[in-house]
Amino acid sequence: MKRLGGWDAVLLYSENPNSHQHTVKAGVIDASASNGSFNYHSFRRALEARLHLLDPLRYQLIDIPLGLHHPMWLENCDVDLDYHARRYFVRSPGDRNALDEAIGDIASTPLARDRPLWEFYFIEGLTNDRYAIVGKMHHAVADGLASANLLARALDPDIAPEDEGRAYSGDQYPSRGKLVRQAMADHVGQIMDLPGLLRDTGAGIQRVRRNRRTVPGLARRFAPPPTFINHPVGPRRRFASAIVTLTEMKETSKKLGITINDLVLAIGAGALRALQLRYDDRADAPLLCGVPVSTDLSPDRISGNALGLMVISLPVDVEDVLERVRLTAVATEIGKQNNALLGRELMSRWSNYLPPAVGTAAFSWLGRGGFRNRLVNVSISNVPGPRVGGRIVGAPMSELLSVGTLTFGVGLNITVWSYVDHVTFNVLEDAATVNDPHEVTDAMVAEFAAIRHAAGLSSQLSEPSSALV
């Protein structure tokens, strides 16, 4: 057994009927050369053969009596693949929009707490001998980077045949007394750590204050303006995706002298400006954007949440494309500096002290729309995925889609993932934010083209040859 980390537990407590806390990933499989050998049954056999290597898929949640501490993971439980591995047929004609619709449908239902917190869907009916594997996993199990590492292990072509199909023994369910004793022991450790955390917090706040920078045009903290994005979030989810080449993303960032992450946020700023002008009839104030940042970059980490949060000003009120890019890069630099000065792991460390009952009650109230989000308007994340293409049952995975969760009062999540030679713009919304989520991805593609044009590059974007159309 092992205790859920603070962030893991927070993501568990924050789930309610309107706020599902699972992430979704979808791999598009090109089975055109498989001669019929790639199908649901071969996929399921491959999953079963590697299950012993994919530890988080065997985790079972254990609540602590009387809510005395965060829950624990039983690390080796029995897995019923009849339940967890499911078939799903998309509507005709089986194009990208049909896959997006299926992902939104899958994302709209919460995961059952009495089983391991994941489901895989084998998507059939796509065009050109394509299939998709859609994985839904609770965010409490793994963050974006851990999920990427887990995916790389699942697809690793170098795993020897003798390492597949090994049996594992399920762990015995612990007694009530053992759970209580372990909770008390862990509380003692937390009490001993508290003085150091208080010292580090005070020192971090002082460092940020001494380094405070005032830049004209940037948003004020804790004062996000009202927008069409910000409203009580409903339970339904809709998904959209678009794909561009990694080569053109790298070329653009190099020409502008910014990072890929800066470019992603600048694309988001321009796209949100266009959408605000459409839905709010104005874009007259910068937005506050929540950007998750990883505090543990180990390639071996396949579970847990090692996260911090940067709050970045998005200059949606700026009309000039290159000025928006410049201000976004400045805001990102300030956010990185403040995050480092405060302490990258400080928020994660404090989350360990959230009482389960308090966390559950507070997030339940927030989920009912009783509180306006005073921290961010929107969430945008950029996660580097595998650089080497994977295979499932010998068939290559040609494309990778991924999206995170919606938080209270924020009806839109933008997740950007790179995979091999391409980048996908992935959007999740609650069916009450925009008329069609593809409006967001279309706006992002248009903004990327506009940035390239302003930088003196071709605005005619290439489409990866592997893209599902």
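1. How many bridges pair β2 and β13, and is the sense parallel or antiparallel? There are six bridges between β2 and β13, and the pairing is antiparallel. The model is a predicted one. Within this pairing, Val28 lies opposite Glu399 of β13.

2. The pair belongs to an open sheet of six strands, ordered β5-β6-β7-β2-β13-β12, with mixed pairing. Its edges are β5 (85-89) and β12 (391-392), each of which pairs on one side only. In a regular strand, side chains alternate between the two faces of the sheet.

3. Strand β13 (residues 395-403) also pairs with β12, in the antiparallel sense and over two bridges. Ile392 has Ala395 as its bridge partner in β13, and Arg391 stands opposite Pro396 in β13. The hairpin of β12 and β13 has two residues between the strands, and Val393 there takes a positive phi near 50°. Eight of the nine residues of β13 are buried, so the strand is largely enclosed by the rest of the structure.

4. Helix α2 (residues 40-50) lies across four strands of this sheet: β5, β6 (118-124), β7 (130-138) and β12. The helix runs at about 155° to β6.

5. The second largest pocket has a volume of about 650 Å³. Its lining is made of 30 residues, and Phe120, Leu151, Ala154, Leu155 and Ile392 are the closest to its centre. At least two lining residues come from each of β2 (22-30), α2, β7, α5 (144-155), β12 and β13. Ile392 thus appears twice in this note, once at the pocket and once as the bridge partner of Ala395.

6. Rolling a probe the size of a water molecule over the atoms shows where empty space is left. The structure holds one cavity of 30 Å³ or more. The volume of the largest cavity is about 30 Å³. Its lining consists of His20, His22, Ala107, Arg237, Gly404, Thr405 and Leu428.

7. A further open sheet has three strands in the order β1-β4-β3, with antiparallel pairing. The edge strands are β1 (2-3) and β3, each with a single partner strand, so one side of each has no neighbour in the sheet. Strands β3 and β4 (residues 72-74) are paired antiparallel over three bridges. Here Ile62 has Met72 in β4 as its bridge partner.

8. Helix α1 (residues 6-13) is mostly covered, with eight of its eight residues buried. These are Gly6, Trp7, Asp8, Ala9, Val10, Leu11, Leu12 and Tyr13. The elements that cover them include β3 (60-62), β7, β10 (307-314), α10 (346-351) and α11 (356-367). Strand β3 is also an edge strand of the sheet in point 7, and β7 is one of the strands of the sheet in point 2.

9. Strand β11 (residues 378-384) has two parallel partners. Two bridges join β11 to strand β9 (residues 287-294), with Gly290 and Ser379 as bridge partners. Six bridges join β11 to strand β14 (residues 412-419), and Pro384 stands opposite Ser418 in β14. Both of these pairings run parallel. Five of the seven residues of β11 are buried, so the strand is largely enclosed by the rest of the structure.

10. Does the length of helix α8 (residues 260-279) agree or disagree with what its residue count implies? At 1.5 Å a residue, its 20 residues should span 28 Å, and the end C-alpha atoms are 28 Å apart, which agrees. Of the 20 residues of α8, 15 are buried, so this helix is largely enclosed by the rest of the structure. Following α8 comes Asp281, which has a positive phi near 60°.

11. Gly170 is found in the loop between α5 and α6 (176-210). Is Gly170 buried or partly exposed? Its relative accessible area is 42%, and the range for partly exposed runs between 20% and 50%, so Gly170 counts as partly exposed. Gly170 and Asn76 are 94 residues apart in sequence, and their C-alpha atoms are 4.8 Å apart in space.

How values were computed. Residues numbered from 1 in each chain as written. Predicted model: local features only at pLDDT ≥ 70, side-chain atom pairs only at ≥ 80, totals over all residues. Heavy atoms only, no water. Expected span 1.5 Å × (residues − 1). Buried < 20%, exposed > 50% of the residue type's maximum accessible area, 1.4 Å probe, protein only. Pairing = 2+ DSSP bridges. Contact = heavy atoms within 4.5 Å. Axes fitted to C-alpha atoms, helices over the stretch in contact; angles between N-to-C directions. 1 Å grid on protein atoms, 1.4 Å probe; cavity = no way out; pocket = protein on both sides within 12 Å on 5 of 7 lines; lining within 4 Å. Points joined across faces, edges and corners; volume = space filled by probe spheres on them.
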